[in-house]
Amino acid sequence: MALLVLAWAAWVTWTSLRVQAEAERARAELQADRADLDASAILEGDAVERLADQAQRFDRIHDRLAHPLLTPIRVLPVAGRQLSAASHQAAAAATGLRAAADLGDQLRSIVDRGMGSGPERVEALRDVASTVRRGEVVFDQLDLGPGDALLGPLASARREIDEAMVEVHDGLDRTAQISAGLAEFFEGPSDYLLLAANNAQMQNGQGMVLSGGVLHVEEGHLDLGPMQPLDEVPEVDPPIPLDADLAARWGWLDPNHDLRHLGLSARFPVTADTAARLWSALGHPPVDGVVVVDPVMLATIMEVTGPVRTAGGEHRSDDVLEYILNGQYQGYPADSGDDAYTLQRRDELDEIARTVLDAFEGVEDLEPEFLEDFHAAAAGRHLLMWSTDATVQAAFEAAGVHGQVSPDSVLLSLVNRSGAKLDWFMRMSAGLSIERAGDGYEAVLDVAVTNRAPADGQPRYVVGPYAGSGLERGEYLGLVTLTLPARATNSRFDGVERLAVAGADGENRTIAAWVRIPRGSTAHLVARFELPASSVELLIEPSARAHPTRWTYDGRDWKDRERRTVAL
């Protein structure tokens, strides 16, 4: 009998060690796979196969833990709890991974049949939303077993599973929101004010809007009406009321009666609401929302629609950005404007935009690589969307195109006040350092702005000077603008006695200082602000510049093409 007990104990020990080693390997491989489980991998099928393989692996682990010879362990208070937890975790992992693989297969099937056009597009989006919602039910019903008093690896595994479940739930909920909201958007009927932004003349986290028109959306189709240059739009008189913080910070630049003066606040929902009310005040029918798109997003869309041929030649995705932001202006005489060429230039821009939109509407199959590029451009504030419909707005927020900065955000911008298209030649860098100071943190931001405008070869329309500005040719006048968390205190620029802007901007705080930078020169500014000890992180927002700002912090450097988290 003693030999049987000893043999049983040895088998239990061997089985436990074997299961533990296999579970550790499975966990490690699954952790590595999580980094690669993007939309591209799922839609191409590779990730789905890996998920199914991992599900089988955890099935085998669960089967070993359910072996009848382990039954005596289950009645023991401590060991039984550990065994029960391990068994439930393995079963939950297998069920969750299998559900994820099945969900990936279903989504791939929807995409493989094509998103279609017109009503088919709306139906496909609704199918995605309902499929994802069904998948959510499976994950919500997973039984993870006991979570208290777990030892060593089991406690770590439970924490990892809990974190993964939060990620899965958030991801599925976000996908369902986006799909359902976009279905509502494309179904319509609705009218959106489409504003074309120009990154050669920047505002605060977006280009200056220089033309606008109505985008009609109905039954999956997009119909763009006439686009109107905003310098030909009369000013609204009397000016419309402004959001209180917008009026207090930026009211002196008249954003309440000129559409071109929008985008001064980093809060796009406020900008969009103001734009919609301005449009109505000009005598147009009310719109259901506002869309701002810039040449960076246009170039991204052209990756899938292909080249555009106009009277001015062929434009491709890899050269259209330079053409729109600089090349198109080369037809102007060196030192004056030309009304005839202005009409020709605007007609060509309109033709490019319409051709791309028409081609994009007809695209039924979107490759994963394009979806990733599109998401990256949208994450960089190159597409901003706002809707009066709550479901559609929730989709815009989930997709990250709503343009609302976070209460923890930092956004560094350069607002062009030179009246010329000089931002194509401007380069910015920002070195951030954060140190403990007293009961909180002190942050120092070293900003450099370099003017690379050439000495010759550019018309006055591009490099100025704008009539009456008092600037020299190629000289840049602007506002270095810093949007900070609301809890930031004592914010300032060294050596600047009087800030151009200072105060609350919604849940944030904004400061701005004037810079005047001759051609070939660099302006240096040092900004400082303090944060309370309870601060955990800062979110560095993208500036939407055609040439992104280069940031450095704690030995790392990056370009602000998308939001970046900085841990304190």
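This report walks through a sheet, a helix, some aromatic rings and two single residues in a predicted model.

## A sheet of six strands

Let's begin with the strands. The model has an open sheet of 6 strands, and reading across it gives the order β13-β16-β11-β10-β18-β19, with mixed pairing. At the edges sit β13 (489–493) and β19 (556–559), each of which pairs on one side only. From one strand to the next, the twist averages 15 degrees.

What holds strands side by side in general? Strands of a sheet pair through backbone hydrogen bonds, and the pairing can be parallel or antiparallel. Here, β11 (residues 440–451) and β16 (residues 522–532) are an antiparallel pair, joined over 11 bridges. To see one bridge for yourself, find Leu445, whose partner in β16 is Ala527.

## Checking the length of a helix

Helix α6 covers residues 119–140, which makes 22 residues. How far apart should its ends be at 1.5 Å a residue? The expected span is 32 Å, because the rise is multiplied by one less than the number of residues. The end C-alpha atoms of α6 are 32 Å apart, so the model agrees with the expected value.

Several residues of α6 are buried, including Val122, Leu125, Val128, Val132 and Phe139. Arg121 and Glu136 are also among the buried residues of this helix.

## Aromatic rings that meet

A pair of aromatic rings is described by two values, the distance of the centres and the angle of the planes. The model has 8 aromatic pairs. In one of them, the rings of Phe185 and Phe396 have centres 6.0 Å apart and planes at 70 degrees, so this pair is edge-to-face. It links distant parts of the chain: Phe185 belongs to helix α7 (residues 152–187) and Phe396 to helix α14 (residues 390–399), with their positions 211 residues apart.

Are these two rings' residues buried or exposed? Phe185 counts as buried because its relative accessibility is 6%, and Phe396 counts as buried at 1%. Together with Phe186 and Tyr192, Phe185 and Phe396 form one aromatic cluster.

Now try another pair, Trp551 and Trp558. Their ring centres are 6.2 Å apart and their planes lie at 10 degrees, so the pair is stacked. Both Trp551 and Trp558 are buried.

## Asn416, a buried polar residue

Asn416 is in strand β9 (residues 409–416). Its relative accessible area is 2%, so Asn416 is buried. Which side chains make polar contacts with the side chain of Asn416? One is Ser418, at 2.6 Å, and another is Asp423, at 2.9 Å.

Leaving aside neighbours within four places in sequence, Asn416 is in contact with Ala200, Gln201, Met202, Gln203, Leu422, Asp423, Tyr476 and Leu477. Try finding each of these in the structure.

## Glu351, a partly exposed residue

Our last stop is Glu351, in helix α12 (residues 339–361). With a relative accessible area of 33%, Glu351 is partly exposed, because that value falls between the 20% limit for buried and the 50% limit for exposed.

Which residues does Glu351 touch, not counting those up to four places away in sequence? They are Arg309, Thr310 and Ala311. Glu351 and Arg309 are 42 residues apart along the chain, and their C-alpha atoms are separated by 9.0 Å.

Definitions and conventions. Residues are numbered from 1 along each chain as its sequence is written. This is a predicted model: local features need pLDDT of at least 70, side-chain atom pairs count only at pLDDT 80 or more; totals for chains, interfaces and linings use all residues. Side-chain values use heavy atoms; hydrogens and water are left out. Two strands pair if DSSP finds at least two bridges between them. Helices (H or I, at least four residues) and strands (E, at least two) are DSSP runs, numbered from the N terminus. Axes are lines fitted to C-alpha atoms, for helices over the stretch in contact, and angles run from 0 to 180 degrees between N-to-C directions. Buried means under 20% relative accessible area, exposed over 50%, partly exposed in between (1.4 Å probe, protein chains only). A polar contact is a pair of N or O atoms within 3.5 Å; within protein, one must be able to donate a hydrogen and the other to accept it, and residues adjacent in sequence count only if both atoms are side-chain atoms. Contact means heavy atoms within 4.5 Å. Rings of Phe, Tyr and Trp (its six-membered ring) pair if their centres lie within 6.5 Å; planes under 30 degrees apart count as stacked, over 60 as edge-to-face and the rest as tilted.
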